[in-house]
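Visitor: Could you take me through one part of this model up close? I'd like to see how a single residue sits among its neighbours, and then what lies around that spot.

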Amino acid sequence: MTRAATRLRAPELAGRGWLNTGGVELSLADLRGRIVVLDFWTFCCVNCLHVLDELRPLEEKYADSLVLIGVHSPKFEHEADPDALVAAVERYAVHHPVLDDPDLVTWEAYTARAWPTLVVIDPEGYIVASMSGEGHAHGLSVLIEELIAEHGAKGTLRHGDSPYAAPEPAETALRFPGKVATLPDGSFVVSDTTHHEIVWLEPDLVTERRRFGATSDGVGGLAEPQGVLVLPEATARRVGYDVVVADSVNHRILGLRLSDGAWTLLAGTGEQLRERSGSGPALKQALSTPWDLAWFIDRVVIAMAGVHQLWALHLATDPADNTVAILGGTSAEGLRDGAADEAWFAQPSGLAVSADGSRLWVADSETSALRSLDVTDEGFVVTTHIGQGLFDFGHRDGAADQALLQHPLGVTVLPDGSVAISDTYNGAIRRFDPVTTEVSTLASGLREPSDAVVETSDGDSTGGATTRLLVVESAAHQLVRVPLPDKATRVDGLARQTQRPRTSIAPGDVRLEVTFTPPTGQKLDHRWGDPTRLMVSATPEHLLRSGAGSAQGLTRVLDLDPAVGDGVLHISVQAASCDGDPVTGEVPEHAACHLYQQDWGIPVVLDADAPAELTLDLRGV
């Protein structure tokens, strides 16, 4: 196994405290003799959630020699709240110790630059690998096997149980519900996300007509369902099911017939999409964390959070004839408007359709933005109504171009044509008026509202009909009715930015290099050209005088404009390596191949005395 000439001792783990240890504080000294993998994550990040799923089999397979430590280094202010972190650890079934790192102390000590980042520490306490992004499970397994063999032979490997201590389980009727939809008779279907079920509720919000877990018709079980969509009556009769469900962790779209609980697989193979593109037969196409659904242009539109895109699913009478196509987004993560096929999204998580059907509203969570997809004579066009970018957030009302949200997950069209936003990390329901372009606050003090639907009562002898919102208060494990006030309030909160240290870098020509060392037994596959691709852009765009765009290779010379001073470099990379002959290095024709990919947003400040190079690890060993 290749080793660097200088071995780097792993810095100590420092933070506010520990979760999942039974109150015990851990140190690297306590873990000496074990293989340690640090997973730097933040609970807003869908890529981090993917990595949690990738690591679970490794936790089980190497339980007596591997200790996985989650280092939670938050992006958003809300994620630094200790109670919110406790809830997230339960919500996402994190079954290993977690270091609470709200001030990014350990993040900085390990020079992490992206969520997620994985760092491997050997039994003697030295860093042996640093990896960014998804897709590293196989490579980690190979590296762990090598470390077990090496340190077993040296006598420096110590076997034992994990320091994980499970917290006391909690019981509520709903557990972290995600989305809600209204049925024609006034009842509701709710995604009971961490119970992995769909619940059919009476209007009293307590009485359950039925619970549905996908176990029949060969469909299998649900895994953290999110979006629920009640189909138009004519469409439901034609296809034979009433409700469409986004089965997020299983990367599938399912149909549910309420009368007998029958399930139909509509789209997805059960595998996570890695290529970040796709169209054609829906049952043969992998998906990536579908989060919400809407009925738009006679299609099921999918908020494909895992690849930062919107997809359209056409429902045929025979599910084998269903098709999918990308409706908007290039898969680059960020805030870019214009033609839908050139636009950027960032984890779209909430959808709603305007009354006239010409506009699809989108809650774009990672950019803390309200956006829309409009049908125009020139095609689909994406517009941002609220939001500044990946790292700007807050709770500020007023003119939309100055207003701020914090990681919204839901959006609801109100009867007057305005939009209610489930402003999740601000614990609020916000309102955007597209006529006046003003933003206000309808309700606050909620615990992670993630969706809402409109309810109109018939009134009584004392007054006429009233309109209110039925809100999914996810972290409170309930649905609550929120009256719409006669007059919304205005909040003048502070503008905030993600508190990551900026990287000092020289102006002018800068050499960008992404390091990638394939795991032992794998080779970069050059049979059809360079198997790597590097995509670079900047905010503001004129920070880059040259070097932007997409091209093969893992190095690039960037020309940074000193007049700009600072900004964010957006860097995306892909590398494909395949199982190769360990002696000749040749790749067999039908070799198993693995795709590694990562998106970085690197805040930079230009300094003439700073280095003229930027090195990022995709897989550095």
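Guide: Sure, let's zoom in on Thr-117, which sits in strand β6. Keep in mind that this is a predicted model. Thr-117 has a relative accessible area of 4%, and since the cut-off for buried is under 20%, Thr-117 counts as buried. Its side chain reaches back to the backbone oxygen of Ala-114, at 2.6 Å.

Now for the neighbours from elsewhere in the chain. Setting aside residues within four places in sequence, Thr-117 is in contact with Leu-38, Asp-39 and Phe-40, with Ala-112, and with Ser-130, Met-131 and Ser-132. Take Asp-39: 78 residues separate Asp-39 from Thr-117 in sequence, yet their C-alpha atoms are 6.0 Å apart.

Leu-38 leads us on to the largest nonpolar core, which has 41 residues; Leu-38, Trp-41, Ile-69 and Tyr-110 are those with the most contacts inside it. Strand β6 (117–121) is one of the elements that supply at least two residues each to this core, as do β2 (17–19), β3 (35–41), α1 (46–61), β4 (66–72), α2 (82–91) and β5 (98–100).

Look at Ile-69 while you're there. Not counting residues up to four places away in sequence, Ile-69 touches Val-36, Val-37, Leu-38 and Asp-39, along with Trp-18, Leu-26, Leu-31, His-96 and Pro-97. So Leu-38 and Asp-39 turn up in the contacts of Ile-69 and in those of Thr-117, given that contact means heavy atoms within 4.5 Å.

Terms used: Residues are numbered from 1 along each chain as its sequence is written. This is a predicted model: local features need pLDDT of at least 70, side-chain atom pairs count only at pLDDT 80 or more; totals for chains, interfaces and linings use all residues. Side-chain values use heavy atoms; hydrogens and water are left out. A nonpolar core is a set of buried Ala, Val, Leu, Ile, Met, Phe, Trp, Tyr and Cys residues joined through side-chain atoms within 4.5 Å. Buried means under 20% relative accessible area, exposed over 50%, partly exposed in between (1.4 Å probe, protein chains only). Helices (H or I, at least four residues) and strands (E, at least two) are DSSP runs, numbered from the N terminus. A polar contact is a pair of N or O atoms within 3.5 Å; within protein, one must be able to donate a hydrogen and the other to accept it, and residues adjacent in sequence count only if both atoms are side-chain atoms.
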